[in-house]
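Here are some short exercises to work through with the model open beside you. Try each task before reading its solution.

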Amino acid sequence: MSSRRARPRTGLTREKVIDAALAFVDEHGLAALSNRKLGAALGVEGMTLYYYVPSKASLLDGMVERLLELSAGDLFSEPDGRWTDVVSEFAAALRRMLLDHPAMLTVLATRPAATPAALALLERGITVLREDGVPLGDALDVLNAVVSFTLGHTLAEVGETPDHEGTEPDPNQFSALDRDTYPQLAQAFATGTGLDAEARFHRTLRILLAGFAAEIDSTAAQHD
């Protein structure tokens with residue numbers, strides 16, 4: 001559908017359209033998203049939305065952009081502390097955002113940052129690491145690894161695949177494991193040992209970043 005026939009609507013902006021799309025997906029799921037339904041939620045004709053988001057792809061790209069902005073905008077614009085602290089805070093913010101918008105998990109996992117604003121945000125993130133002495137290739141590896149880890153961990157936390165609700169396993173199926181057959185697992189599920197998702201996320205993230213930092217510092221020392 002061409003945006004040539006679309007016309008702007010007083011009071012409507014691209015940001016409002018994208019925020020409304022996120023709210024719609026939160027309530028109805030990604031599969032239900034369409035310009036007609038989103039337009040109805042905004043009180044306008046679906047055709048009007050093409051003025052702000054010319055295609056479904058551009059709408060999804062805008063939604064990815066918005067979530068990244070909400071997760072990292074201030075952190076990358078005004079970094080405080082060493083690069084490992086900034087990246088750790090970004091990962092924690094991204095996880096919280098994904099837990100608030102679980103239907104967007106697969107979108108963030110499969111759509112790269114493509115809009116000028118999203119690319120500018122990525123550029124700022126890389127710059128934060130570069131200005132703290134991290135080589136360009138390592139900076140990209142760090143951000144890719146941290147985002148991939150955060151997406152995967154959060155998907156496991158959510159416990160269901162977006163748009164496949166109802167197919168997830170019963171969370172109580174492990175509560176009565178036979179202690180003779182599965183002594184370690186039975187103890188873990190009975191006591192909750194190792195089952196705190198948030199604690200596991202932060203511990204693993206800390207180890208991941210410490211490993212990167214140690215290798216980067218070691219390589220730098222070898223070249224001094």
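**Exercise 1.** In this predicted model, decide whether Phe174 is buried, partly exposed or exposed.

*Solution.* Start with the relative accessibility of Phe174, which is 36%. Next, recall the cut-offs: buried means under 20% and exposed means over 50%. Phe174 therefore counts as partly exposed. To find Phe174 on the chain, look in the loop between α7 and α8 (183-191).

**Exercise 2.** Find which residues form a nonpolar patch on the surface with Phe174.

*Solution.* Look for Tyr182, Leu185, Phe189 and Leu195, which make up the patch with Phe174. Together the patch residues have about 440 Å² of accessible area.

**Exercise 3.** Check the span of helix α4 (residues 83-100) against the expected value.

*Solution.* Take the 18 residues of α4 at 1.5 Å a residue, which should span 26 Å. Then compare the end C-alpha atoms: they are 26 Å apart, so the two values agree. Now turn to the side facing inward: the buried residues of α4 include Trp83, Phe90, Arg95 and Leu98. Among the elements that cover the buried residues of α4 are α3, α6 (116-131) and α9 (197-222).

**Exercise 4.** Describe helix α1 (residues 14-28) and what comes just after α1.

*Solution.* First, the length: α1 has 15 residues and reaches 21 Å, close to the 21 Å expected. Second, the buried residues of α1, including Val17, Ala21, Phe24 and Val25. Third, their cover, which includes α2 (35-42) and α3 (56-77). Last, Gly29 follows just after α1 with a positive phi of about 95°.

Methods
Residues are numbered from 1 along each chain as its sequence is written. This is a predicted model: local features need pLDDT of at least 70, side-chain atom pairs count only at pLDDT 80 or more; totals for chains, interfaces and linings use all residues. Side-chain values use heavy atoms; hydrogens and water are left out. Helices (H or I, at least four residues) and strands (E, at least two) are DSSP runs, numbered from the N terminus. The expected span of a helix is 1.5 Å times one less than its number of residues. Buried means under 20% relative accessible area, exposed over 50%, partly exposed in between (1.4 Å probe, protein chains only). Contact means heavy atoms within 4.5 Å. Patches are made of residues with over 30% relative accessible area and no salt bridge: like charges are joined within 9 Å, nonpolar side chains (Val, Leu, Ile, Met, Phe, Trp, Tyr) within 5 Å. Accessible areas come from the Shrake-Rupley method with a 1.4 Å probe; for residues, only the protein chains shown count as cover. A salt bridge is a side-chain nitrogen of Lys or Arg within 4 Å of a carboxyl oxygen of Asp or Glu.
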